[in-house]
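Please examine the sequence and the model shown below. The paragraphs that follow lead through the structure step by step.

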Amino acid sequence: MAKAKGEASHDPFLTFPFDVLTPDNRRFHAGKGHVLTTRYRQGKEAIYLLAISQTRPPRPVFPTERLEVDLAFFMPDKKKRDPTNLLKGLLDALEGVVYNDDKQIDALSWRRLAMDRESPRVEVSIRRLAV
C-alpha cells in the first residue's frame, strides 16, 4: 500500500485496490427504509480497514476542516465504467478515519488514468481547503 505523502503537511494519500470498490450503494427498499447490500457493506468495510492501515492516529485526521478530495482511477481493463458510481461507498468508508462526515468535502475531482492490469486501483489525495 502507498505511504503517506507529504508527511509535513499530514495530508493523506491513500491507495485502494480496484476490487474493493463497489459500483454504488445498491440500495433497495425492504418495507421501510433502505437496506445496503452485502457487497456494498463488505466493500465499505474493506476500504475502511485499508484506510486505517494507511493513516496514523489521531483519527479522524480532519475532524472539522473543509476538504478537497482528488481521486485517480487506474482501471483494470478497457471495460467502460463510470467512476462516479464508485464514489459513494469510497467516500462513506473514509468517515471516521480521514474525516468525521463526507459533508466536509467542498471540492471533489476525479480522473480516469491509464489502464493498469497488474495493479488496478484508486489513489485518493485529501487536502484542507484554505477558508
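Within the chain, confidence reaches its highest value in strand 1, at 97, and its lowest in strand 2 (residues 28–29), where the mean is 60. These values belong to a predicted model. Taken over the chain, the mean pLDDT is 87, and 85% of the residues reach 70 or more. Over residues 1–9, however, pLDDT stays under 50, and for this stretch the model has 14 contacts beyond four places in sequence.

The sheet may be considered next. In what order do the four strands of the open sheet stand? The order is 1-6-4-5, and the pairing is mixed. Strand 1 and strand 5 (105–112) stand at the edges with a single partner strand each, so one side of each has no neighbour in the sheet. On average, and with direction ignored, neighbouring strands of this sheet are turned by 15° against each other. As a general rule, the strands of a sheet pair through backbone hydrogen bonds, in either a parallel or an antiparallel manner.

Two of the pairings involve strand 6. Strand 1 and strand 6 are antiparallel and are paired over five bridges; within this pairing, Leu14 has Val124 of strand 6 as its bridge partner. Strand 4 (residues 67–74) and strand 6 (residues 121–128) also run antiparallel, and eight bridges join them. Two residue pairs help to locate this pairing: Asp70 stands opposite Ser125 in strand 6, and Phe73 stands opposite Val122 in strand 6. Is strand 6 largely enclosed or largely open? Six of its eight residues are buried, so strand 6 is largely enclosed by the rest of the structure.

Attention now turns to helix 1, which comprises residues 38–53. At 1.5 Å a residue, its 16 residues should span 22 Å, and the C-alpha atoms at its ends are 23 Å apart, which agrees with that expectation. Which residues of helix 1 are buried? They are Tyr40, Gly43, Ile47, Leu50 and Ala51. When helix 1 is seen down its axis, these buried residues fall within an arc of 100°, so they line one face of the helix. A general principle is helpful here: an α-helix has 3.6 residues a turn, so residues three or four places apart point the same way. On the other side of helix 1, Gln42 and Ser53 are exposed. The cover over the buried residues of helix 1 includes strand 1 (13–17) and helix 2 (84–93).

Helix 2 also contains Lys88. With a relative accessible area of 35%, Lys88 counts as partly exposed, because this class lies between under 20% for buried and over 50% for exposed. Lys88 and Asp102 are separated by 14 residues in sequence, while their C-alpha atoms are 9.5 Å apart in space.

Finally, the loop between helix 1 and strand 4 deserves attention for its peptide bonds. Pro58 has its place in this loop, and the bond that joins Pro57 and Pro58 is cis, with omega about 0°. Pro60 lies in the loop between helix 1 and strand 4 as well. The peptide bond from Arg59 to Pro60 is also cis, and its omega is near 0°.

Definitions and conventions
Residues numbered from 1 in each chain as written. Predicted model: local features only at pLDDT ≥ 70, side-chain atom pairs only at ≥ 80, totals over all residues. Heavy atoms only, no water. Expected span 1.5 Å × (residues − 1). Buried < 20%, exposed > 50% of the residue type's maximum accessible area, 1.4 Å probe, protein only. Arc of directions from axis to C-beta. Contact = heavy atoms within 4.5 Å. Pairing = 2+ DSSP bridges. Axes fitted to C-alpha atoms, helices over the stretch in contact; angles between N-to-C directions. pLDDT = per-residue confidence, 0-100.
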